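Please walk through the structure shown below, beginning with its open spaces and going on to the helices around them.

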Amino acid sequence: MKNLKKFIIAFVAVFTVFSCDEGFEEINTNPNVPTTVTPDLLLSGVIRNTINDQVNEAWSIGNIVVQHTAKIQFVNEDRYLWGERSGVWNSVYGNLRNVQNIIAASEAAKPVQNNYLGIALILKSWMFSVVTDTYGDVPYLDATKGKTAANYTPKYDAQEVIYNGILADLKRANEILGTSSETVSGDLIYNGNLTRWRKLANSLRLRYLMRISNKRSVQADLQSILDNATLNPIFENNTDNAVLVYQSAAPNQWPLYTARVGSFDEFRLSKTMSDYLTSVGDPRLQVFGRPTEASVTAGTPVIQGIPNGLEDTQALSFNGGPQGVSRVGLTFACLVCSSPAPVANASRGLLMTFSEVQFILAEAREKNLITTGVADTYYVNGINSNLDYYRAIVPSSYGISLTLPANYFTQPSIAYAGTQAQKLNLIARQKWVALFFNGLEAWADWRRSGLPVLTPGAGNLNNNLIPVRYIYPQSEQSLNGANRAEAVGRQGADDINTQVWWDKN
């Protein structure tokens, strides 16, 4: 009897185990937590996150270091007392994981989804250019392989290797876009227009070829792009601009719209910018800055910037104090920065514009790196297209006239004349103006060309040197120390004055 009871207990136990195991995985799988995500759901997040981060980096450093804006208090950034700045690093590598997921999903699809793949390669190329231009040598070939290859300490690649990869990926993207049939969704830039993505790929190729033009011959590559507009289309007008158009409702408004007024108003228009635009009667001055409160009260509105790099007391007292210094333009302002409130989605998040492409071509033609077109025409087109861009986005309620003075293009400081060096300076100055609020791009272009000539602020704390890179994030010392040390040994001291590869003489 006892043995029978033991048998029954054992049988029930075994039966229970097998019964509980049956369908175990199905029961314990949460249908609301997917293990894979399709490219369309990833694409919009990557675009929004990276471009918003670029806007914020322009506000906090990019505009300051190239003297588009300056600070009136908490002036460390403007005096080049830069500590660790990991925002670009975290943004790029954090979002690259999803770019790589798009690439993997596109390549795994049957048939391969070349349209998503091409867009992902373009975003990957742009993002890597931002991080390598900011820090120099960075993880590239081994990047984003933590999940697929358990590589949590990626080696740093030389910047030349990274640029070779960037240019190859952009060329491949141009070639494969439109060769598959899937409709692209989640595209916040071009709404699935593949021709415009191809134009962006080739326009970025022009940007990056010029970026490395001091290190190797790029003439043949530049010309090959321009020789066949069908195979290698580039931007033709402002409708091709790669920009993120914001919405009027949260949470997709202009990223600075919700900024604290105190924080936003620490940043003012730079005297370098206001002096130049005032001297040539350029109406973009009214877009980039607002009349000082003191001048409005006096009935004689004037836009007056502040010199970069002043120490705290000087900055707060310049021209009689904050009321004598122009705030950043209403188009870029925050909700509580003006009365009436600015329009929440007037400005754009910039990746690349037709105006920039025209200035690239003007410089390339002036240097005889290309034989296509006329440098003077490209130069004038660059100015006019940037004005047209602002005419299209600045609300009429702001009362800003963007009509050029009749003599604008005949002024000695604007007219395309003089020596080659003088002409290159004209191109660079206008390109510098057109790159306002375009992330760190104006800084990268200034480092490459040395133009326009910028003078460090009087109170700078960097031995009269304008910084030329960010230091590596401190987390890399503890998490990836050996590879970081190897990069420093190859590139040079990990400080803000060590030039990156394409910037070295």
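In this predicted model, the largest pocket has a volume of about 890 Å³. Its lining is made up of 32 residues, and those closest to the centre of the pocket are Arg97, Ala143, Thr144, Lys145 and Gly146. Four helices each supply at least two residues of this lining, namely H4, H5, helix H6, which covers residues 146-149, and helix H19, which covers residues 475-479. Among the contributors to the lining of the largest pocket, H4 gives the most, with 12 residues. Sorted by class, the lining of this pocket has 15 nonpolar, 10 polar and 7 charged residues.

A further open space is the second largest pocket, which holds about 360 Å³. Of the 21 residues that line the second largest pocket, Gly289, Arg290, Pro291, Leu330 and Ser338 are the closest to its centre. The lining of the second largest pocket has 11 nonpolar residues, together with 5 polar and 5 charged ones.

Since H4 takes part in lining the largest pocket, the packing around this helix is worth following. How do H4 and H5 pack, and at what angle? Their axes lie 9 Å apart, and the angle between them is about 160°. Angles over 145 degrees count as roughly antiparallel, and H4 and H5 are therefore roughly antiparallel to each other. The crossing of these two helices is left-handed. On the H4 side, the residues that meet H5 include Trp89, Tyr93, Leu96, Val99 and Ile103, while on the H5 side the residues that meet H4 include Tyr116, Leu121, Met127, Phe128 and Val131. Taken by class, the residues of the contact of H4 with H5 divide into 17 nonpolar, 4 polar and 2 charged.

H4, which spans residues 87-108, also comes together with helix H3, which spans residues 39-65: the axes of H3 and H4 come within 10 Å and cross at roughly 160°. H3 and H4 are therefore roughly antiparallel to each other, and their crossing is left-handed. In this contact, residues of H3 including Leu42, Leu43, Val46, Asn49 and Asp53 meet residues of H4 including Val88, Asn95, Asn98, Ile102 and Ala105. The residues of the contact of H3 with H4 divide into 8 nonpolar, 8 polar and 2 charged. Some residues of H4 take part in both contacts, for Val88, Asn95, Val99, Ile102 and Ser106 are listed among those that meet H3 and also among those that meet H5.

Beside these open pockets there are enclosed spaces, and the structure holds 3 cavities of 30 Å³ or more. The largest cavity has a volume of about 120 Å³. Which residues lie nearest the centre of the largest cavity? They are Val130, Asp133, Arg211, Leu440 and Glu441, which belong to a lining of 16 residues. Helix H5 (114-135), helix H8 (194-211) and helix H18 (441-449) each supply at least two residues of that lining, and the largest share, 5 residues, comes from H5. By class, the lining of the largest cavity divides into 7 nonpolar, 4 polar and 5 charged residues.

H5 thus links several parts of this walk: this helix supplies at least two residues to the lining of the largest pocket, packs with H4, and gives the largest share of the lining of the largest cavity. Val130, for example, is one of the H5 residues that meet H4, and Val130 is also among the residues nearest the centre of the largest cavity.

How values were computed
Residues are numbered from 1 along each chain as its sequence is written. This is a predicted model: local features need pLDDT of at least 70, side-chain atom pairs count only at pLDDT 80 or more; totals for chains, interfaces and linings use all residues. Side-chain values use heavy atoms; hydrogens and water are left out. Axes are lines fitted to C-alpha atoms, for helices over the stretch in contact, and angles run from 0 to 180 degrees between N-to-C directions. Angles under 35 degrees count as roughly parallel, over 145 as roughly antiparallel, 65 to 115 as roughly perpendicular and the rest as oblique. A crossing is left-handed if the near helix is turned anticlockwise from the far one by less than a right angle, and right-handed if clockwise. Contact means heavy atoms within 4.5 Å. Ala, Val, Leu, Ile, Met, Phe, Trp, Tyr, Cys and Pro count as nonpolar, Asp, Glu, Lys and Arg as charged, and the others, Gly among them, as polar. On a 1 Å grid over the protein atoms alone, a cavity is a set of points where a 1.4 Å probe fits but cannot get out, and a pocket is an open set with protein on both sides within 12 Å along at least five of seven lines; lining residues have an atom within 4 Å of a point. Grid points are joined across faces, edges and corners, and a volume is the space filled by probe spheres set on the points.
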